[in-house]
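Reader: Could you take me through one part of this model in close detail? I would love to see how two packed helices meet, and then how that sits in the wider picture.

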Amino acid sequence: MQWSSKKKPPLSSDSFHCSVWAVLTWSVVKSEDYALPSYVDRRDYPLPDVAHVKQLSASQKALKEKEKADWSSLSRDEKVQLYRIQFNESFAEMNRSTNEWKTVVGLAMFFIGFTALVLIWEKHYVYGPIPHTFDHDWVAMQTKRLLDMKANPIQGFSAKWDYDKNEWKK
Amino acid sequence: AYPSQLGLQDASSPIMEELMNFHDHTLMIVFLISSLVLYIITLMLTTKLTHTSTMDAQEVETIWTILPAVILILIALPSLRILYMMDEINNPALTVKTMGHQWYWSYEYTDYEDLCFDSYMVPTSDLKPGELRLLEVDNRVVLPMELPIRMLISSEDVLHSWAVPSLGLKTDAIPGRLNQATISSNRPGLFYGQCSEICGSNHSFMPIVLEMVPLKNFEDWSLSMI
C-alpha cells in the first residue's frame, strides 16, 4: 500500500474544518454549522470558542497587526474596536433587562378583564334569578334562627353574638 | 354551616375535637412545607448565579431523605391514635339504623318498638321562613344527647355516604354491607350534614339533620312517632 500524495488541506486561523481521515487517504468532509465551534454571548461562558468577526476588513487586519506591538500605543477607540472584533455584545449589553414583563402583565390583565366582561354578559343573558333564600329578609330570619339554635357556639358563628346585649360582639 | 365559613364547624363531640386538633397540626406542617418550597422556588427563579458542573451533596441529601420520613411519622402517630380512639368499645345506649336511598335517607329505631320513617329534603319553595336552603328535611333524626349511640349505615340501592361534619362523622352507605359509627354529642341542637358519595342526579339534595335533645324529650318524641 502506498501513502497517497494528496496535499493536506490548509488549516487557517479563522476557519477550522473538521476532517475525516479515510484510511490511508487524506479527505475532508464538510461539517454542519451546529457541529462547529460557534460564538455565543453568554454570561456563564465568558470566552467564546471563536471570535465574533470572522472576515476582517483591511483596516481591521491592520489593527490586528498593531495589536502585536506594545498595547500602550493603542488609542481607546482602537481598543474598543479590537474588543468589538472579538465580541458581539458586552456583558452590560447582553445582561440588559427588557420591557417584556410589561407586555406580559398587560396582556394578562387584558384577558382577565375580557373574562370579566364575558361573566357579566353571562349573568345578564344566561342565568336565571337566584333563590329567594338570598333575600335580605330571609337571610335575617336565617341568621336569627342560627343564633337561636346556637349553631357553632364555641368559636364559630354564635360565639360572635353577645346573647346578653342582643347584638354582635364588638 | 354558617355564612362565610372558612374552616371546620365547631366540634360537638370529643372525637371531632381530636380531629380538629389533628387537622390544625397537619395543616401547620403542610403550610410550613409549602412556604419553604415556594421560597426556594423564588430563590431559584431570581438568581444570576449558575453552576453547570456535576454536583455531589451527600450530607444534604441524607437530611432531606430522613427529615420527610420523620415528618410523616409525626403525622401518622396522632392519626392512628385517633383512628383507634374511634374504634373503642363504648357501650352504646341506643342503636339506630339508616338506609340510603335514591334520593332520601330512611331511619329505623328498632331497639324497643318499630319506629321507621323517611327523611326527604324540603324543596326550596316549601321552606319555612328562616330555614336553610338544601339542608332542611321533613323528618329530622331525633337523638338523645350526651349518650353514645350506635349508627348502622347501609344502602338500599347505590353508594351513599352518611356525613355529619360537626360530629366528625362520615361513613359510606354501601348496599349489602353494614357500617357502624358511634355518635355522641356534647350539646343539644341541630346538626346538619349532606350525602357524601355521588349517587345520581339528586345527590346534592338528600341532607341529614340530627336533632340532639335531652333524653326526656327523645322519649316523648319517639312515643309520638310510633
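Author: Happy to; here is the helix pair, followed by its surroundings. This is a predicted model, in which local features need pLDDT of at least 70, side-chain atom pairs count only at pLDDT 80 or more, and totals for chains, interfaces and linings use all residues. Residues are numbered from 1 along each chain as its sequence is written.

Helix 1 (residues 58-67) and helix 2 (residues 76-86) of chain A pack at about 110°, their axes 11 Å apart; axes are lines fitted to C-alpha atoms over the stretch in contact, and angles run from 0 to 180 degrees between N-to-C directions. Helix 1 and helix 2 of chain A are therefore roughly perpendicular (65 to 115 degrees). Helices here are DSSP runs of H or I with at least four residues, numbered from the N terminus.

At the meeting point, helix 1 of chain A brings Gln60(A), Leu63(A), Lys64(A), Lys66(A) and Glu67(A) to Glu78(A), Gln81(A), Leu82(A), Ile85(A) and Gln86(A) of helix 2 of chain A, where contact means heavy atoms within 4.5 Å.

Turning to the partner chain, the contact takes 19 residues from chain A and 24 from chain B. About 1800 Å² is buried between chain A and chain B, 57% of it on carbon and sulfur atoms; buried area is the accessible area (1.4 Å probe) that two parts lose on being put together, summed over both. Trp138(A), Arg145(A) and Asn152(A) supply 29% of the area that chain A buries against chain B, more than any other three residues.

Notes:
Chains lettered and ligands numbered in written order. Heavy atoms only, no water. Helix = DSSP H or I, 4+ residues; strand = E, 2+ residues; numbered from the N terminus. Parallel < 35°, antiparallel > 145°, perpendicular 65-115°, else oblique.
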